[in-house]
Amino acid sequence: MAVLKIAKLGNPVLRQTAAPVDPRSIKSPEIKQLIADMFETMYAEPGIGLAAPQVSRSIQLLVMGCEGEGGFPETVLINPSIVYYGPQQVENWEGCLSVDGLRGKVTRPSLVRVQALDRDGKAMDFEATGLYAVCIQHEMDHLIGKVFLDRMTNLSTLTQLDEFTAYWHKEPTTII
């Protein structure tokens, strides 16, 4: 396994629409290695999600995982689509491995239903809520050339990481 280089804001790969993964290639050694390397990279940074465009691979693949209270299991989503958005919105602080040192508030649906292929090419259809739903939406944005800054409706919440830690880190999530 290897820690991959993170594409940073300004890299054109972050603004491209990612190509679908050929389902026949999912079990290939290259895709298996990429998944393993993406998990290693995500945890080394540290982060809770990573999309392939963030490691300069413009394909529809993302990995996620968050331990602890309110966390969610390690997940691999290939060619994902959100087929349902719940009506309730949640406002959360978001950051991104491709956008160094910044946090900002983003409002997203608090429930999504997702269809995708897993790391073995098996079809998945599941609902996610809370942080899991937010992370899925954040990472899927990378597959359509968007970063969390594009989803911010109030740039006055854009905060440097040191100030976020000092002043805002403990602020509760807002349900809208």
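**View 1. What covers the buried face of helix α1 in this predicted model**. The cover over the buried residues of α1 (buried meaning under 20% relative accessible area with a 1.4 Å probe, protein chains only) includes β1, β2 and β3, where contact means heavy atoms within 4.5 Å. These buried residues are I31, L34, I35, D37, M38, F39, T41 and M42. An α-helix has 3.6 residues a turn, so residues three or four places apart point the same way.

**View 2. The span and packing of α1**. Helices (DSSP runs of H or I, at least four residues) and strands (E, at least two) are numbered from the N terminus. With 16 residues, α1 reaches 22 Å from its first C-alpha to its last, close to the 22 Å expected at 1.5 Å a residue, the expectation being 1.5 Å times one less than the number of residues.

**View 3. The open sheet and its two helices**. Five strands in the order β1-β2-β3-β6-β7 form an open sheet with antiparallel pairing, two strands being paired if DSSP finds at least two bridges between them. Because β1 (49-51) and β7 (123-129) each have a single partner strand, one side of each is left without a neighbour in the sheet. Strand β6 (residues 111-117) is joined to β7 by seven bridges, and A116 has M124 in β7 as its bridge partner. Helix α1 (residues 29-44) packs on the sheet, its direction making about 45° with that of β2, whereas α2 (residues 130-142) makes about 75° with β3; axes are lines fitted to C-alpha atoms, for helices over the stretch in contact, and angles run from 0 to 180 degrees between N-to-C directions.

**Notes.** Residues are numbered from 1 along each chain as its sequence is written. In this predicted model, local features need pLDDT of at least 70 and side-chain atom pairs count only at pLDDT 80 or more, while totals for chains, interfaces and linings use all residues, and side-chain values use heavy atoms, with hydrogens and water left out.

Technical notes: Buried < 20%, exposed > 50% of the residue type's maximum accessible area, 1.4 Å probe, protein only.
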